[in-house]
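Subject: Structure for your review

Dear colleague,

Please find below the structure that I would like to hand over to you. My notes on it follow directly after.

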Amino acid sequence: TSCEALVSSFLERIEAENPRLNAFISVDPEGALAQARALDERLARGEPLPPLGGLVLAVKDVICIKDQRVTCGSRMLENFVSLYDATVITRLREAGAIFIGKTNCDEFAMGSSNETSYFGPARNPINPDYVPGGSSGGSAVAVAARMCQAALGSDTGGSIRQPAAFCGIVGLKPTYGRVSRYGLVAYASSFDTIGPMTHTVEDAARILQVIAGVDRWDSTSAPVEVPDYLEALKQPIKGLRIGLPREYFTEGLDPEFRQVLEERAAQLEAAGAVVQEVSLPHTEYGIATYYILATAEASSNLARYDGIRYGYRADVQQIRRELAESDSDDSVIYRLYVRSRSEGFGTEVKRRIMLGTYVLSAGYYEAYYAKAQRVRRLIRQDFDRAFEQVDVLLTPASPTPPFPLGSKLSDPLEMYLSDVYTVTANLAGIPGLVVPVGTHSSGFPVGAQLLGRHFDEATLLRVGRALM
Ligand code: GLN
């Protein structure tokens, strides 16, 4: 069947399902159909298709596509149109991928449930009264509900892996530096990564193959050789050493999750892997460390939304009138800045800006930010030591199955705790892969997370395939 027919069928599916699931913020039917027709013409001329020819992809709305809106799930950027393609988009475009639309997410990727989006929450396709996870919730839903073949997400503290687990799909967070961040709207720059969300490990491997590699527009992208991931998938897992980190299997973990993961570990053992327990002793400091450092970086990154240069701008005339009637010394610019940010950002983003500004302030810098930097190093060392003993770690992706919409919204700490198994990989910069490995009695999927050495996505994909 033609690429055009394929795109049409996904567009129909989006029309039918999106009102209920709210996975897309914008859909680009004309653009997607034009891309599809161009590929069909190449086929008609007998030309071979490029490696991802006809792959219908949804893109989290924090990644720039030229001439399309990039809202970041925020009122601040509700009408902001990108002037350029992100590097991942340039590479995927050249590889023949078709971009069908931009997906819903937590505002500026801050959240674990997709509920902080200005555009309303995306919903879990298995039960729409439950969250799909976040922040790349829309991407996970779009893939799980088959409104596209695959999606791009971003992962700063778990935003690809946790929604993948909640929706029963594959999600890969690459090593920090493996994939260019050029054209990804910054949340916490030393943590941010872009990766694929797919139905199969093979698709994740194919997409990573295209987006991985050094990029002159991102100085933190690493000049490390990109292996042939599909070739790597063919290697058996016999002899691989797999570690179960003790600190990830404690009372906080849902007992059914534990049971499924232990069964899966036994299965890998039966296939010739060597399974052993390992320790990551600083795990308990992961959440605190992450939320200090990520909010610090966010407060700095989000300073650019000033209501002047771009993004939401409060009503200037109104401010002028108010100032004329009052005896305040405030300047128009000052009021405009304050009001644009007050009206443009939602509650969670404001909370993070305040928290981040606080931990960076002169009197508290040493006590919070500097200390968190040192703990970050300890967490990274935990992983370095573990990877002297084993090749891959097998862990849960989240402590519990998805929760009902609204149930954690009033308690930010409770929400932050749901990231306990994912933030450590971002603190250490290592890659993480989530694959669906079973079904919980609640009807929701059980996800397994694999963590690996820096730049060793190949081994994760290999083990991930053995698990599915
Ligand atoms: N839930 C985490 C946070 O809110 C992670 C988000 C992400 O990875 N973008 O910061």
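A residue is called buried here if 20 or more other C-beta atoms lie within 10 Å of its own, C-beta atoms being placed from the backbone. S135 has 35 C-beta neighbours inside 10 Å and therefore counts as buried. Please keep in mind throughout that this is a predicted model.

Annotated positions

The unreviewed UniProt entry gives the annotation "active site" to K60, S135 and S159. These residues are spread over 100 residues of sequence, yet they cluster in space, with a largest C-alpha distance of 10.8 Å. The same kind of record, again an unreviewed UniProt entry, places the feature "domain: Amidase" at residues 6-461. That span is 40% helix and 14% strand, and its end C-alpha atoms lie 27 Å apart.

S135 and S159

S135 belongs to the loop between β3 (98-103) and α4 (137-144). The peptide bond that joins G134 to S135 is cis, with omega of about 10°. Residues up to four places away in sequence not being counted, S135 touches C105, D106, A109, M110, G111, N114 and S159.

S159 sits in another loop, the one between β4 (150-155) and α5 (161-167). Is S159 buried or exposed? With 36 other C-beta atoms within 10 Å, S159 is buried. Its contacts, leaving aside neighbours within four places in sequence, are A109, G134, S135, S136, G153 and S154. A109 thus appears in the contacts of S135 and in those of S159.

The ligand shell

There are 14 residues around the ligand, of which A109, S112, T156, G157 and S159 come nearest. By class, the shell divides into four nonpolar, eight polar and two charged residues. S159 therefore links two parts of this account, since UniProt lists S159 under "active site" and S159 is one of the residues that come nearest to the ligand.Helix α4 and its surroundings

Helix α4 is mostly covered, as eight of its eight residues are buried. The buried residues are G137, G138, S139, A140, V141, A142, V143 and A144. Just after α4, R146 takes a positive phi of about 55°.

Two further residues also deserve a check of their backbone angles. F108, although not a glycine, has a positive phi of about 50°. F108 is placed in the loop between β3 and α4, and it counts as buried because 31 C-beta neighbours lie inside 10 Å. N22 is likewise not a glycine and has a positive phi of about 55°. N22 lies in the loop between α1 (3-21) and β1 (24-27); with 22 C-beta neighbours inside 10 Å, N22 counts as buried.

Packing of α9 and α12

How do helix α9 and helix α12 pack, and at what angle? Helix α9 (residues 286-301) packs against helix α12 (residues 347-360) at an angle of about 100°, and their axes are 7 Å apart. Angles of 65 to 115 degrees count as roughly perpendicular, so α9 and α12 are roughly perpendicular to each other. On the α9 side the contact is made by I292, T295, A296, A298 and S299, and on the α12 side by R352, I353, L355, G356, T357, V359 and L360. Sorted by class, this contact of α9 with α12 has seven nonpolar, four polar and one charged residues.

Positions distant in sequence

K234 is located in the loop between α7 (229-233) and β7 (241-245). A residue with 12 or fewer C-beta neighbours within 10 Å is exposed, and K234, with 9 such neighbours, counts as exposed. K234 and R462 are 228 residues apart along the chain, while their C-alpha atoms are separated by 7.4 Å.

F249 is located in the loop between β7 and α8 (255-270). With 16 C-beta neighbours inside 10 Å, F249 counts as partly exposed. Its C-alpha atom is separated by 7.8 Å from that of T395, which is 146 residues away along the chain. Leaving aside neighbours within four places in sequence, F249 is in contact with L244 and R258.

With kind regards

Notes. Residues are numbered from 1 along each chain as its sequence is written. This is a predicted model: local features need pLDDT of at least 70, side-chain atom pairs count only at pLDDT 80 or more; totals for chains, interfaces and linings use all residues. A residue is near a molecule or strand if its C-beta atom, placed from the backbone, lies within 6 Å of it. Ala, Val, Leu, Ile, Met, Phe, Trp, Tyr, Cys and Pro count as nonpolar, Asp, Glu, Lys and Arg as charged, and the others, Gly among them, as polar. UniProt positions are given in the numbering used here, feature names are shortened, and annotations may be inferred rather than shown by experiment. Helices (H or I, at least four residues) and strands (E, at least two) are DSSP runs, numbered from the N terminus. Two residues are in contact if their C-beta atoms, placed from the backbone, lie within 7 Å. Axes are lines fitted to C-alpha atoms, for helices over the stretch in contact, and angles run from 0 to 180 degrees between N-to-C directions. Angles under 35 degrees count as roughly parallel, over 145 as roughly antiparallel, 65 to 115 as roughly perpendicular and the rest as oblique.
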